[in-house]
Amino acid sequence: MATLKKKGISSSLQHISMQNIKVVVRVRPITHNEEEQNVKNIVKCLTHKEILMKEKKYSFDRVFKPTASQIELYINVVAPLIKDVISGYNCTVFAYGQTGTGKTYTMTGDKCSIIKNWKEDEDAGIIPRAAHHLFHELDRMKINQYTIKVSYIELYNEEIRDLLSNDENALQLYNDSKGLKINGLNEVTCFNSADVCRELQRGILKRQVAPTLMNHQSSRSHTVFTISLSTTESNLAGEDILKYGKINLVDLAGSENIAKAGCKDLRAQELANINKSLLTLGRVIQSLADKNQKHIPYRDSKLTRILQDSLGGNTKTVIIATVSPAHTSHEETANTLEYAMRARDIKNTPVANEQTSKNQLIEELVKDIEVLQRDLDAAREGTGFYVDRVNYQRIVDAVYAVTGEEFTHDEIAERKAQRISKLEKAMHDRIQEFEKTVKQCKEQREELKRIKTEVKEKEYLANWYEQYSTATCEEIQNLLDTTQTLNNEKEILLGKLENMFKANESHVTIARQSATAVLSMVDRNTAEKDKTLNAMVEAGIRAKEKARESRSIVQPFILSMKNTANILVTMSVNTDAVQNVQECVCKKIDIVRKRFEILEKMGEETLTAIPVLMEQHKQRTEEFLEASIKYCMRQQNQVLEETVHSTFNNHDKRNEALQTSMSAISELGEEILTVTRNLDLENKRKFGEIDNVIKTGILQSCNEIEDVLNQHISDTIQEVDTLIDITSSFDDTYRKFVEDVKDTITKQVLEKSVPPKHAGDTPIRKELRIPSIDPTAPREILLEKFKVSLPETIENPEDVIWLDSSGEGID
Ligand SMILES: Nc1ncnc2c1ncn2[C@@H]1O[C@H](COP(=O)(O)OP(=O)(O)OP(=O)(O)O)[C@@H](O)[C@H]1O
């Protein structure tokens with residue numbers, strides 16, 4: 001609801017002064033039509049305050065020549081009012097004049113477009129410019145808390161229509177304790193000047209216009225565009241103070257006579273109504289100007305009721321009288337100027353609206369609610385329309401205060417009846433509206449029911465989808481977890497594989513080093529063995545040489561003995577000679593004894609040397625064994641196995657060589673034995689011959705020599721046999737050692753190089769090479785027979801790759 005009356009006066013705070021309404025005249029330029037019709041200019045602007053028409057001079061607050069721009073008029077007439085509005089004043093600007101003189105042009109401008117700056121746009125009228133100026137000024141003054149609302153009404157045929165509402169029904173005027181109000185008026189909040197312009201454009205489109213002879217788009221109605229401002233500021237006490245101000249921008253319909261305007265029939269009736277409002281306005285102005293006149297006929301027209309406060313009230317008012325300079329409009333121009341001159345005498349008492357604090361406002365609203373509550377209670381208790389007695393008295397007092405008239409009870413009753421019938425009509429309309437609404441509600445309820453069912457279905461589906469998506473998400477999560485686990489396991493396995501590869505690589509390196517070490521040790525050992533064997537062979541050779549030496553020693557002796565025997569045979573009779581021979585034999589025997597002593601010593605040396613050699617060999621063998629086992633512990637993989645295998649092959653070759661050597665030694669021993677035996681036989685034979693020759697004396701010596709020789713030879717033979725046994729036992733020990741080493745290496749290698757078995761792994765099949773084999777022979781029997789050759793226990797024949805001697809598979 002728009003309040004058109006002052007809320008009250010705070011006399012202690014406000015400076016009250018009477019001031020005349022400001023009246024300005026604007027003369028429009030001669031139009032093209034008028035130029036073509038050779039219309040004469042009868043209006044002359046003498047100064048910026050005086051105008052001359054037909055030798056009559058008129059003075060106004062300001063005169064605007066035809067060449068005056070829109071902005072010039074705005075700055076001089078309206079701009080000062082914007083600051084007043086912000087200060088809490090109500091202001092009104094009228095455009096009054098004959099049709100086609102530029103009222104609408106002045107108020108809104110021809111295009112009525114949204115302007116960017118109130119100082120710049122050439123064609124903009126007062127309303128768009130004022131809107132921009134107001135927002136600009138609030139901004140400049142740094143007032144942040146404000147609300148701007150606009151309303152736009154049209155007064156047409158004495159009916160008020162809301163140009164910002166879609167409702168075509170006429171609005172009712174009424175008075176309440178705070179003044180005149182328009183029931184149901186739409187007030188639109190605007191946040192910038194563009195919003196204001198948009199609302200103005202919307203209203204203009206609804207405005208009643210019709211072509212007349214004088215204006216092809218003549219405004220047939222009076223319009224009031226109101227911009228209301230409320231600001232909130234804190235006072236010194238820190239209290240929020242609300243300030244209100246507004247500006248009414250009034251574009252009146254043209255003031256012309258019916259004949260000139262060229263209106264007929266309905267238009268004539270329309271014009272009569274327009275003129276009624278304007279005539280009442282004229283009378284109100286006349287009455288206000290006449291200081292003796294007490295009754296001001298505001299109530300004679302709605303226009304004057306609405307503008308009551310702007311004419312002789314508390315508002316700051318400016319009237320812009322628009323005139324045509326054409327001689328053809330002489331009469332209307334004179335009327336307008338006269339009209340305007342009279343208006344100059346109207347005195348207003350501009351007072352800023354009372355500033356209310358928020359608390360006051362709340363109190364007022366509470367009071368309003370109480371009033372309404374009382375009316376409501378009264379209405380509930382009886383039939384028809386009831387007003388609370390207190391409220392009724394207030395209404396009567398308010399009417400008296402506004403009109404200055406006191407009504408009789410009959411008048412009041414009549415007015416009340418009128419009002420009641422109006423209210424009943426309104427109620428009837430409301431009931432119809434209510435029924436319509438109920439029907440709509442029912443339809444909407446049905447629709448709501450349908451929507452609810454739909455929503456339930458959708459909810460069910462949504463739940464289902466949610467559950468399904470949750471389950472799917474869980475499954476996906478599980479899959480992701482599984483994938484992650486697999487990835488982790490894969491990573492671990494890859495790591496293990498990598499470690500295995502690295503370990504294998506290092507195993508291969510170690511195995512190669514070990515193999516090299518083993519080979520070198522085997523080589524060393526073989527060299528030692530060769531050395532020992534050589535020493536033994538040398539010992540044998542030396543024994544053989546000793547035997548040969550013995551033989552060479554014995555042979556001359558035997559020859560000597562033979563010669564002696566011959567001598568004895570030939571000279572047996574000569575005792576002296578025999579005696580000499582005996583002496584000589586004795587000497588020879590001494591020599592032989594000495595020689596045998598040497599021989600014996602040599603044999604002893606040989607016997608002493610052999611245990612030393614054996615001990616050395618044993619020691620070296622133990623060292624070798626120890627070192628070999630130590631190295632063999634590091635054997636790790638297949639490469640080593642192959643290496644060892646090849647090593648064993650080489651070793652077998654060495655064994656063969658050893659065997660050959662042993663055979664040679666054995667043969668040598670045999671040879672020595674044979675030679676010794678032959679020597680023995682030869683000796684026996686010789687001694688037999690000597691025995692035959694030497695019958696006494698010498699025979700005993702010869703027997704002794706023979707015994708000594710036999711003993712020596714048998715000792716030598718025994719030594720050689722012992723040597724052979726030792727060699728043979730050494731050979732066995734060596735073979736056993738090699739076998740042990742082989743077993744240990746194989747065991748270690750297999751233990752280390754066989755990768756850990758996993759479930760699902762393909763069993764590793766060992767290669768088993770059988771030299772001569774019947775391919776059809778049962779594998780179990782073959783495995784049983786040859787499993788001793790395998791490095792590890794294998795129960796299943798399927799785990800073995802069967803190869804023949806050439807390495808070809810026989811599976
Ligand atoms: N001061 C001016 N400068 C230029 N053109 C003007 C001026 N005043 C009026 N006009 C032009 O005159 C024509 C009529 O003006 P406008 O419609 O504003 O008259 P009006 O007084 O509002 O008429 P009505 O009362 O019939 O609505 C328009 O085309 C307008 O552009």
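This passage describes the overall composition of a predicted model, followed by one sheet, an annotated helical stretch and an annotated binding site.

The protein chain of the predicted model has 811 residues, 28% of which count as buried. Its secondary structure comprises 16 helices and 22 strands. Among the contacts in the chain with a separation of 6 or more, 73% are made by residues 24 or more positions apart.

One open sheet is formed by three strands in the order 4-5-6, with antiparallel pairing. Strand 4 (43–45) and strand 6 (56–59) are the edge strands, each of them pairing on one side only. From one strand to the next, the twist averages 25 degrees. The antiparallel pairing of strand 5 (residues 50–53) with strand 6 extends over four bridges. Across this pair, leucine 52 is found opposite lysine 57 of strand 6. The sheet is also met by a helix from a later part of the sequence: helix 9 (residues 330–343) lies across strand 4, strand 5 and strand 6. The direction of helix 9 is at about 145 degrees to that of strand 5.

A second region is marked by annotation. An unreviewed UniProt entry assigns a "coiled-coil region" to residues 424–461. In the model, residues 424–461 are 100% helix and 0% strand. The C-alpha atoms at the two ends of this stretch are 53 Å apart.

The unreviewed UniProt entry also lists a "binding site", made up of Gly97, Gln98, Thr99, Gly100, Thr101, Gly102, Lys103 and Thr104. Two of the listed residues, Gly102 and Thr104, were examined individually. Glycine 102 is located in the loop that connects strand 8 (90–97) and helix 3 (103–107). Glycine 102 has 22 C-beta neighbours inside 10 Å and therefore counts as buried, the cut-off being 20 or more. When residues up to four places away in sequence are left out, the contacts of glycine 102 are with Arg26, Arg28 and Thr322. Threonine 104, by comparison, is placed in helix 3. Threonine 104 also counts as buried, because 27 C-beta neighbours lie inside 10 Å.

How values were computed: Residues are numbered from 1 along each chain as its sequence is written. This is a predicted model: local features need pLDDT of at least 70, side-chain atom pairs count only at pLDDT 80 or more; totals for chains, interfaces and linings use all residues. A residue is buried if 20 or more other C-beta atoms lie within 10 Å of its own, exposed if 12 or fewer, and partly exposed in between; C-beta atoms are placed from the backbone. Two residues are in contact if their C-beta atoms, placed from the backbone, lie within 7 Å. Two strands pair if DSSP finds at least two bridges between them. Axes are lines fitted to C-alpha atoms, for helices over the stretch in contact, and angles run from 0 to 180 degrees between N-to-C directions. UniProt positions are given in the numbering used here, feature names are shortened, and annotations may be inferred rather than shown by experiment.
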